[in-house]
Amino acid sequence: MTTSTYWQPIDRFRAFARAEPDRAAVIFPAGRNPDGLPSYRTITYRELDQWSDAIAERLAAARVGNGTRTIVLVLPSPELYAVMFGLLKIGAVPVVIDPGMGVRKMLRCLRAVDAEAFIGIPQAQALRVLFRRGFRRIRTAVTVGRRWFWGGATLRDWGTSPAAAAPVRKPAADSDLLLIGFTTGSTGPAKAVEMTHGNLAAMVEQVHAARGHIAPDTSLITLPLVGILDLLLGARCVLPPLIPSRVGSTDPAHVVDAIDRFGVRTMFASPAVLIPLLHHLEQHPKELETLDSIYSGGAPVPDWCIAGLRAVLREDAQVYAGYGSTEALPMSTIESRELFDGLVARTHRGAGTCIGRPADRVRARIVAITDDPIPTWQRVEAIAGELEKSRGIGELVVSGPNVSSRYFWPKQANAQGKIVDGAVIWHRTGDLAWIDERGRIWFCGRKSQRVVTADGPMFTVQVEQIFNTVAGIARTALVGVGERGTQRPVLCVELAAGADAVTVESALRARAAESELTRAITDFPVHPKFPVDIRHNAKIGREQLSIWASKQLEAMR
């Protein structure tokens, strides 16, 4: 008989529930007040602990337990955290995915994990039923919300209190599979990432270390995983109204209201949330007295946004630019004061974007650029000479206790994305970078989006940052037109509101002539609004822009 296991860091959550049972765990929107602002409700640590115990109890009775892959399609809410903690308490394996990637992509990904349980909102359950051939092994289905035309339980049916005390379970081994999370597929095919018990436990400690081991107290949550980590650190987690697939549409007035109303001390958000927040605070000044720190991630946050946030927040508030991925979070961070101590000026001269030093216990190295598999570190050493051809810029690889060592699907992704170095597995990030003499990582762009001309490679972020300070520019995107090796570099342009296209193009041409890195660029087509990724609404879809730019050049002939 298999011994029942659980994720040991859950003990930290239980300890908070015992020590401060009435402490708010999740503060969530529940309608609107007469003034148009959201009204909120609260669930305490004791309530969330008991509710997740009840879910664990009912799932275990349905033979969901150690290693049972369980699809979770639930909106950010107390229900999501109760379900996730319930699964982690019985050693089941949650499978999480961004529904915003599109139905066809999502269904293909979910079929690949061959899950046995499915917990989701009614729309998700409807998809499961309509495309039942892809979910033949599902034997337990739970609807979060109203059940429509299918059977199975609803989360409401199960209640919020367990019928009996939770049985004693053994902590799982660090190497056991804990969770499967999908990459968005915004810069390549979506992949199913395996996170072990040890990976996520390390992540909790690293997030805590990144905050200087200061308890978060009250956090504003725009990424569900951060909520799980913060609940293990005793935070009150505030969920502002947002749509996961359209984070950029979050109303900044609601964000300001939540920070002010609940005394938020720290928040994690993508540039798609922070840029509107900055504009709102500039137009409607508000003293956010409690906000100590902001952590940005998902895409490089513009330096003007960081500078603007510094200007509207308390003088001693800290603004961090973070770097990470589904496979490794966090990888590095840098605080704004260090950025503005000469590093931003280097960025505008073509050094790339400084994303800081590796996170606690994370190691980072640079390997030569290749699209081929690199099976072992011996191969890394054999091709090291190729770095000279790219001015020392190469692919960033990382290892550490929080770094996933394998993909669940597709299996070939392991050969393409991992490097074996004895007992160490290095993860190939797919990002291009270099590391300076102080150990700081400088991000230059995605490997898959590099432009390879007859005169050599050009790197997207490195080049774009040279142009992004031109007046009238909202943002730029370097793409290649033609066959790799003889590509024509094109700088796609998104104008700021009210900017004159002719004036901006003239300034861009003058800027291009100033740098050896940009002199080859002579085409500056204006695009109405760049396509972006669905998770953070911030990563530019350069693949789509490349196709668009090719058509623009063809039309100009």
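The following exercises, each with a worked solution, concern the predicted model shown above.

Residues are numbered from 1 along each chain as its sequence is written, and side-chain values use heavy atoms, with hydrogens and water left out. Because the model is predicted, local features need pLDDT of at least 70 and side-chain atom pairs count only at pLDDT 80 or more, while totals for chains, interfaces and linings use all residues.

**Exercise 1. The surroundings of helix 6**

Determine how the end-to-end reach of helix 6 compares with the expected span, and which residues of helix 6 are buried.

*Solution.*

Step 1. Helices (H or I, at least four residues) and strands (E, at least two) are DSSP runs, numbered from the N terminus. Helix 6 covers residues 197-210, which is 14 residues.

Step 2. The expected span of a helix is 1.5 Å times one less than its number of residues. From first to last C-alpha, helix 6 reaches 20 Å, close to the expected 20 Å.

Step 3. A residue is called buried under 20% relative accessible area, exposed over 50%, and partly exposed in between (1.4 Å probe, protein chains only). Ten of the 14 residues of helix 6 are buried, so helix 6 is largely enclosed by the rest of the structure. The buried residues are His-197, Gly-198, Asn-199, Leu-200, Ala-202, Met-203, Val-204, Gln-206, Val-207 and His-208.

Step 4. Contact means heavy atoms within 4.5 Å. Among the elements that cover these buried residues are helix 1 (10-19), strand 10 (177-182), strand 11 (192-196) and helix 7 (224-231).

Step 5. Just after helix 6, Gly-212 has a positive phi of about 70°.

**Exercise 2. The open sheet**

State the order of the eight strands in the open sheet, and identify which strands stand at its edges.

*Solution.*

Step 1. Two strands pair if DSSP finds at least two bridges between them. Strands of a sheet pair through backbone hydrogen bonds, either parallel or antiparallel.

Step 2. The order of the eight strands is 8-7-6-4-5-10-11-21, with mixed pairing. Strand 8 (153-154) and strand 21 (407-409) are the edge strands; each has a single partner strand, so one side of each lacks a neighbour in the sheet.

Step 3. Strand 4 (residues 69-73) and strand 5 (residues 93-96) run parallel and are joined by four bridges. Within this pair, Arg-69 stands opposite Val-93. Helix 3 (residues 78-89) packs on the sheet and touches strand 4, strand 5, strand 6 (117-120) and strand 10. The direction of helix 3 makes about 170° with that of strand 4; here axes are lines fitted to C-alpha atoms, for helices over the stretch in contact, and angles run from 0 to 180 degrees between N-to-C directions.

Step 4. Strand 6 and strand 7 also run parallel, with four bridges, and Phe-118 stands opposite Ala-141 in strand 7.

Step 5. In a regular strand the side chains alternate between the two faces of the sheet. In strand 7 (residues 140-143) both faces are covered: Thr-140 and Val-142 on one side, and Ala-141 and Thr-143 on the other, are all buried.

**Exercise 3. Aromatic rings**

Classify the pair formed by Phe-13 and Tyr-45, and locate both residues in the chain.

*Solution.*

Step 1. Rings of Phe, Tyr and Trp (its six-membered ring) pair if their centres lie within 6.5 Å; planes under 30 degrees apart count as stacked, over 60 as edge-to-face and the rest as tilted. The structure holds 13 such pairs.

Step 2. The ring centres of Phe-13 and Tyr-45 are 5.5 Å apart and the planes stand at 40°, so this pair is tilted.

Step 3. Phe-13 lies in helix 1 and Tyr-45 in helix 2 (residues 45-61), 32 residues apart, and the pair thus links distant parts of the chain.

Step 4. Phe-13 is buried at a relative accessible area of 0%, and Tyr-45 is likewise buried at 0%. Together with Phe-16 and Phe-85, these two residues form one aromatic cluster.

Step 5. A charge sits over a ring if NZ of Lys or CZ of Arg is within 6 Å of the ring centre and within 35 degrees of the ring normal. Arg-128 lies over the face of Phe-118, 5.7 Å from the ring centre. The charged end of Lys-418 sits over the ring of Tyr-407, 4.7 Å from its centre.

**Exercise 4. Backbone details**

Find where Pro-330 and Arg-63 lie, and describe the backbone at each.

*Solution.*

Step 1. Pro-330 lies in strand 17. The peptide bond from Leu-329 to Pro-330 is cis, with omega near -5°.

Step 2. Arg-63 is in the loop between helix 2 and strand 4. Although Arg-63 is not a glycine, its phi is positive, about 65°. Its relative accessible area is 60%, so Arg-63 is exposed.
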